[in-house]
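Reader: Please show me the structure, and then let us discuss its aromatic rings and its domains.

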Amino acid sequence: MTSPTTSISERRPLDPIDVPARPRPTRRPGRKVLAPLLAVVVLLAVWQGVVATGWRPDYLLPGPVTVLAELGHLVTLPEFWAAMARTLSRALTGFALAIVIGTAIGLATAGSALLRASIGSLITGLQTMPSVVWFPLAILLLGLGEGAIMLVVVLGAAPSIANGVLLGVDQLPPSYFRLGRVLGAQGWTLYRHIVIPGALPAYVSGLNQGWAFAWRSLMAGELLVVIPGTAALGNRLAFAQEFADAPGLMAYMLVILIIGMIADQIFSAWSRYLRRTRGLTQA
Amino acid sequence: MTLTSSPPAPAVERGRVRLKGVGKVFGSGSQAVTVLQDTDLDVRPGEFVAIVGGSGCGKSTLLTMVAGLEKPTSGTIETGGKVALMFQEATLLPWLTATQNVELALRLQGVDKAERRDRARHLLQRVRLGRYVDLRPHELSGGMRQRVALARVLAQDAAVVCMDEPLGALDALTRDQMHDLIEDVWLEARFTALFVTHNVREAVRLADRAILMGGRPGRIIHAEENTMARPRVMDSAPVAAAAAGLTQRLKDEVASHDESDYFDI
Ligand SMILES: Nc1ncnc2c1ncn2[C@@H]1O[C@H](COP(=O)(O)OP(=O)(O)OP(=O)(O)O)[C@@H](O)[C@H]1O
Ligand SMILES: [Mg+2]
């Protein structure tokens with residue numbers, strides 16, 4: 001028997017074949033930004049094409065140049081920014097509430113077989129229901145006000161978020177739980193160190209979807225629920241239609257589209273980051 | 001420091017593993033399958049025991065019970081001190097770097113933050129991964145991942161280390177290097193090692209004692225002490241000869257069951 005202090009390095013080097021399995025992926029940052037920009041260019045071109053056919057008169061269907069000029073004018077108006085601020089604060093408040101509620105419900109459901117059996121399918125069911133359907137009831141219960149809008153935004157977004165948590169936990173390999181037990185992680189510690197981080201990619205997808213539903217519900221709400229003395233992007237859209245202000249209407253539509261795209265970019269970037277650091281992507 | 005997977009008051013000294021009449025039945029009624037029957041085993045503190053046997057003879061089940069993840073249906077298992085378990089797959093958490101994976105084991109034992117990082121780095125250097133401490137699992141080769149898993153097992157500072165075919169997925173060259181490494185850290189830390197393998201030569205290369213298991217139901221059919229000087233060379237004549245003897249015993253066992261494709265060598 002050799003002495004217990006014999007070191008590996010005295011025998012044989014380990015390193016020559018220690019080439020990492022895959023080199024660090026090279027990143028092409030330009031592509032992820034350029035692709036959506038290209039989409040915008042295509043959209044503008046199609047739009048201009050339709051206008052050019054003369055299908056509808058200019059004052060009903062203005063071209064991109066007119067609308068962009070209108071948008072350029074809008075952004076100089078304080079009312080525009082007030083409407084934007086109100087809409088964004090509603091969106092963020094509603095989304096934040098939905099995150100808290102959806103995450104809590106998701107974690108509770110994932111952790112309890114009883115809850116799982118009883119409300120698991122309800123969550124999925126709610127997710128398929130168009131949230132606009134809630135408005136009449138919300139208005140009946142809470143009146144035409146912020147409360148009704150918030151309720152519908154939360155009802156729209158929370159099921160997707162809860163579902164993201166459930167999917168994330170379900171997809172965890174059983175070996176993670178065995179590892180947790182071997183390392184002595186139980187209860188909250190197991191959740192904190194293994195379950196929650198492991199479920200994160202699916203959770204972020206749930207957040208992304210939840211945001212999309214929150215944004216849609218909010219726009220529907222702002223078209224339906226007009227609170228006197230307050231302006232929001234959705235209300236502005238409705239006003240523009242009533243006053244047959246096509247350039248204004250389309251300028252607001254553009255703003256709503258852009259906000260949606262920015263949010264989507266943020267979530268996609270987060271997803272990509274998670275997938276890349278976990279080796280779930282090739283490039 | 002907290003003890004997690006060990007009984008409250010170990011009835012045996014640190015590092016000892018004692019199985020008495022251990023049996024394991026999965027399922028019940030007509031579905032019941034006896035996976036392990038009447039198994040006795042006494043492992044000395046610091047001993048390196050290899051468990052060899054065909055697929056499905058209950059090796060993993062045995063190890064899982066020693067690690068406390070499953071309860072035996074009958075008999076008793078006593079372990080002196082904490083038991084760590086290393087799997088065939090490295091089972092690293094993909095969102096953590098190599099260092100953080102090792103740190104997690106320390107953290108769950110309540111080692112404080114200041115000390116954790118240094119100890120994790122030190123252990124990774126010990127398994128010769130000093131240059132890769134900040135890489136994530138998918139950026140490491142299979143052998144490197146298994147070395148991170150080894151560093152994590154060392155971080156647990158367990159009295160007994162169970163390894164369930166930890167090298168099964170590695171190529172021959174990488175496996176040879178892992179043999180050296182495992183032997184080194186074992187000589188250094190002096191834990192008790194329970195090492196499951198399909199590979200008879202690997203058992204001869206590493207173990208003080210090779211335990212052969214037979215199947216249907218799983219049980220120990222033979223135990224052989226190995227006093228050859230270390231380090232042993234996998235391809236050397238004495239190792240090959242000892243392995244041939246053990247292989248013959250396993251073949252005889254298989255023949256008695258008349259199931260020719262039951263064991264792969
Ligand atoms: N949870 C379980 N429920 C029912 N049967 C099980 C369970 N776990 C294992 N078995 C059965 O027990 C037997 C032994 O399984 P085990 O995994 O211990 O074998 P093994 O010796 O480790 O095999 P291998 O070398 O292929 O890993 C197998 O026939 C398997 O089907
Ligand atoms: Mg096995």
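Author: Let us begin with one ring: Y252(A) is buried, with a relative accessible area of 4% (buried means under 20%, exposed over 50%, partly exposed in between, with a 1.4 Å probe and protein chains only). This is a predicted model, in which local features need pLDDT of at least 70 and side-chain atom pairs count only at pLDDT 80 or more, while totals for chains, interfaces and linings use all residues. Residues are numbered from 1 along each chain as its sequence is written, chains are lettered from A and ligands numbered from 1 in the order in which they are written, and side-chain values use heavy atoms, with hydrogens and water left out.

Reader: What kind of aromatic pair do F80(A) and Y252(A) form?

Author: Rings of Phe, Tyr and Trp (its six-membered ring) pair if their centres lie within 6.5 Å; planes under 30 degrees apart count as stacked, over 60 as edge-to-face and the rest as tilted. For F80(A) and Y252(A), the centres are 5.9 Å apart and the planes make 35 degrees, so the pair is tilted.

Reader: Why does this pair tie together parts that are 172 residues apart in sequence?

Author: Helices here are DSSP runs (H or I, at least four residues), numbered from the N terminus. Y252(A) lies in helix α10 (residues 246-277) of chain A, and its partner F80(A) belongs to helix α3 (residues 78-111) of chain A, so the pair ties together parts 172 residues apart in sequence.

Reader: Is F80(A) buried or exposed?

Author: The relative accessibility of F80(A) is 2%. Because buried means a value under 20%, F80(A) counts as buried.

Reader: Which residues do ring pairs link into a cluster?

Author: W211(A) and W215(A) form a stacked pair, 5.8 Å centre to centre with 15 degrees between the planes. Both lie in helix α8 (residues 187-224) of chain A, four residues apart, about one turn of the helix. Ring pairs link these two with two others, and the cluster consists of F95(A), W211(A), W215(A) and F267(A).

Reader: How many salt bridges are there between domain 1 of chain B and domain 2 of chain B?

Author: The domain bounds, from an automatic or database domain assignment, are 14-78 + 162-168 + 192-227 + 250-257 for domain 1 of chain B and 83-157 for domain 2 of chain B. The C-alpha centres of these domains lie 27 Å apart. A salt bridge is a side-chain nitrogen of Lys or Arg within 4 Å of a carboxyl oxygen of Asp or Glu. Between domain 1 of chain B and domain 2 of chain B, the count of salt bridges is zero.

How values were computed
Helices (H or I, at least four residues) and strands (E, at least two) are DSSP runs, numbered from the N terminus.
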